[in-house]
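Student: Could you take me through one part of this model up close? I'd like to follow a charged pair and see what it links.

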Amino acid sequence: MEEPLVLSTLAQEEIDIFESAAGTDPAALFGAAYRSFAGPVQGYLKARGVDDPEAVTQDVFLAFYPKISELTGGLQGAKSLIFSIAHARMVDYYRRVDRRPQLTPYDPQQDARTAPSAEDHAIELNGGAAAMLDGLSEEHQEVLALRVVADLSIEQVAQIMGKSPGAIKQLQRRALQNLKAQTLQRNQANHE
C-alpha cells in the first residue's frame, strides 16, 4: 500500500494561504504562487537554455498576475498556468534567438583591408583643434580659445587680455584668416 504524500510545512502553509484567499485577495494568491513556483520556474528556464532565466521568470509572473481572478484549481491550477506561461516565454525566447543575426567578433588579424578607414584619414588631415592652433601666434591662439572654446564675449576677452574691444575684433579676424590659410595649405598638400 502506498504511503500518503507528506507535504513540507512550508508547502502546506502556501496551500492554506492560497485556498483561504481564493477569489478574494489576488495579492495573497500571487505571493503564495510566487513563493511556491518562482524557483522551479527559474530552474526550468535555466535547464532549457534561456540566457537570462531571472528576467524571463519575472515576465512569467507578470503575465500570471492579471489571470489570477480567472484561476481555478487552487495551487495546482496556478502551477499549471504558470508553467504553461513559462513554456510559452521559453518558445518566444528561442524564436527571437533564431531571428537574431549571428554576430561575430572583430579580429584585426583577419582584416584584409589595405586602405585606412575614413575616420583615420580625417584624423590625419585635421590632427585635432590643438594642432590647428599650433601654427598661430600666442595672441591669436589666446583670442580664439577665449572666443570660441570658452564662448566669451568680445568685451570679456578684451578685459582678460587687457586690450580694447576693437583690438580683440581685429585679433580675432586676423586669427581666423591665418587659420583659414593654414587649413587650405594643409588640404592642398594632402591632395598632391
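Tutor: Happily! Let's begin with glutamate 139, which is partly exposed, its relative accessible area being 37%. Keep in mind that this is a predicted model. Glutamate 139 forms a salt bridge with lysine 163, and the closest N and O atoms of the pair are 2.9 Å apart. Where do the two partners sit? Glutamate 139 belongs to helix H7 (residues 138-149), while lysine 163 is in the loop between helix H8 (154-161) and helix H9 (165-191), so the salt bridge ties together parts that are 24 residues apart in sequence. Lysine 163 also counts as partly exposed, at 32% relative accessibility. The reason is the cut-off: partly exposed covers values between 20% and 50%, so both 37% and 32% fall in that class.

The structure holds two salt bridges, so let me set the other one beside it. Aspartate 92 forms a salt bridge with arginine 95, with 4.0 Å between the closest N and O atoms. Here both residues lie in helix H4 (residues 74-99), three residues apart, which is about one turn of the helix. Aspartate 92 is partly exposed, with a relative accessible area of 29%, and arginine 95 is partly exposed as well, at 48%.

Back towards your part of the chain, have a look at leucine 133 in helix H6 (residues 128-134). Leaving aside neighbours within four places in sequence, leucine 133 is in contact with Gln141 and Leu144. Its C-alpha atom is separated by 9.6 Å from that of glutamine 182, a residue 49 places away along the chain. Leucine 133 is partly exposed, with a relative accessible area of 22%.

Conventions: Residues numbered from 1 in each chain as written. Predicted model: local features only at pLDDT ≥ 70, side-chain atom pairs only at ≥ 80, totals over all residues. Heavy atoms only, no water. Helix = DSSP H or I, 4+ residues; strand = E, 2+ residues; numbered from the N terminus. Buried < 20%, exposed > 50% of the residue type's maximum accessible area, 1.4 Å probe, protein only. Contact = heavy atoms within 4.5 Å. Salt bridge = Lys/Arg side-chain N within 4 Å of Asp/Glu carboxyl O.
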